[in-house]
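Here is a quick tour of one side chain and its surroundings, followed by a look at some charged pairs. Have the model open while you read.

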Amino acid sequence: MPYSLVSAATLGFDLVRLPGGPDAAAVLLAGMGASPDHLRGWAAQHPVATGTAAQRTRWADRSARIRELAAAGVPGLRSAQAHPQARSEALVALLEQGTIGDAASIERVLREDVLGPESAAAVLVGVDVRELAADVLADAAVAAWGSAAVADRDRRTAAQAVARVGPVPDPDLGPRAEAVTHLLARVTAFDELSLGRWRVATDEVRDGRRPWAAAMHGAAWAAHVSGRTRALGAAQLMAVGAFRTAGFTPADGARGLWNAVSGCVQAVAMSDLLDGPSLDQLLLPWLLAEGDHPPGLHRAPS
């Protein structure tokens, strides 16, 4: 299944369960927040622009190696379907660790969505600079996505090429940016008691997955028709880092905690366009775990 910013919560579901998932999210966020100068800086890191023949060869070899190892080293959920006879413990582990997308999908979302036609900076610098910058960012994103299998040296080298350009501002989060930022800060600050409450709350709402999915789809559709898909996608990618910083584990992500948190992010980011029942559905885990509404969102239950 290909990733997209339209379904960034699905991408987030994979990223919170991968060791390097937050780093991959950070690369995508850098691409979304980049100015034309950032893109030119990344393009200048590419040996096609400034390197020798030997440097270009080493770059090509490393890029191919990163993609090969990432593709082979991260199990997909299809593996569970292909091996129904696997021992129950191994099958549970595979279902927890197996990804919906793959290494090619993370590269595609970077090239076609993050640096696609909706990126004003990418449009301004033109195709040649954009493609060189995309090569640099894609190496780092794929290496982080597949960090369990990619050599540390290759991963660090790819990450350093991105970091060398300097810090990139956070991308636009849309008209509800302040409320989203406050929510993510609250998640980041969760302690062990908070994590325990969230695990209990998620178990309590588990039977409501169908209306939750409908509410998530409604929010994604509202973002699409209002031109806020990138803003909502950025909010979900920022939530990946907040989720893991808070202390939630990859197993938590697999068992519904990511869905609970990402639903709250979706609700707050699109709260000005969502109907009351959808907001209530998405915010229910927060209300159960925290006892109030997220910061910046004051609403009487319907």
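## Around Q236

In this predicted model, Q236 touches A8, A9, M216, W258, S262, V265 and Q266, leaving aside residues up to four places away in sequence. Q236 itself sits in helix α15, which covers residues 229–246.

So is Q236 buried or exposed? Its relative accessible area is just 1%, so Q236 counts as buried, given that the cut-off for buried is under 20%. One neighbour deserves a second look: the side chain of Q266 makes a polar contact with the side chain of Q236, at 2.8 Å. Q266 is also among the residues that Q236 touches.

## Salt bridges: R65 and D154

Now for the charged residues. Side chains of opposite charge can pair when their charged atoms come close. How many salt bridges does a search of the whole structure find? The count is 18.

Take R65 and D154, whose side chains meet in a salt bridge at 2.8 Å, N to O. This pair ties together distant parts of the chain: R65 belongs to helix α5 (residues 53–73) and D154 to helix α11 (residues 152–163), with their positions 89 residues apart in the numbering. As for exposure, D154 is buried, with a relative accessible area of 4%, while R65 is partly exposed at 34%.

## A pair within helix α8

R108 and E112 also meet through their side chains in a salt bridge, at 2.8 Å, N to O. Both residues are in helix α8 (residues 103–114), and because they are four residues apart there, about one helical turn separates them. R108 is partly exposed, at 23% relative accessibility. E112 is partly exposed too, with a relative accessible area of 48%; that value stays out of the exposed class because exposed means over 50%.

## R111, D135 and a network

Which residue does R111 form a salt bridge with? The partner is D135, and the closest N and O atoms are 2.5 Å apart. Here again distant parts of the chain are linked: R111 is in helix α8, D135 is in helix α10 (residues 127–145), and the two are 24 residues apart. R111 is partly exposed, with a relative accessible area of 23%, and D135 is likewise partly exposed, at 23%.

R111 and D135 are also part of something wider. Salt bridges link R67, E107, R111, R130, E131, D135 and D139 in a network.

Definitions and conventions. Residues numbered from 1 in each chain as written. Predicted model: local features only at pLDDT ≥ 70, side-chain atom pairs only at ≥ 80, totals over all residues. Heavy atoms only, no water. Buried < 20%, exposed > 50% of the residue type's maximum accessible area, 1.4 Å probe, protein only. Polar contact = N/O pair within 3.5 Å; in protein donor to acceptor, adjacent residues only side chain to side chain. Contact = heavy atoms within 4.5 Å. Salt bridge = Lys/Arg side-chain N within 4 Å of Asp/Glu carboxyl O.
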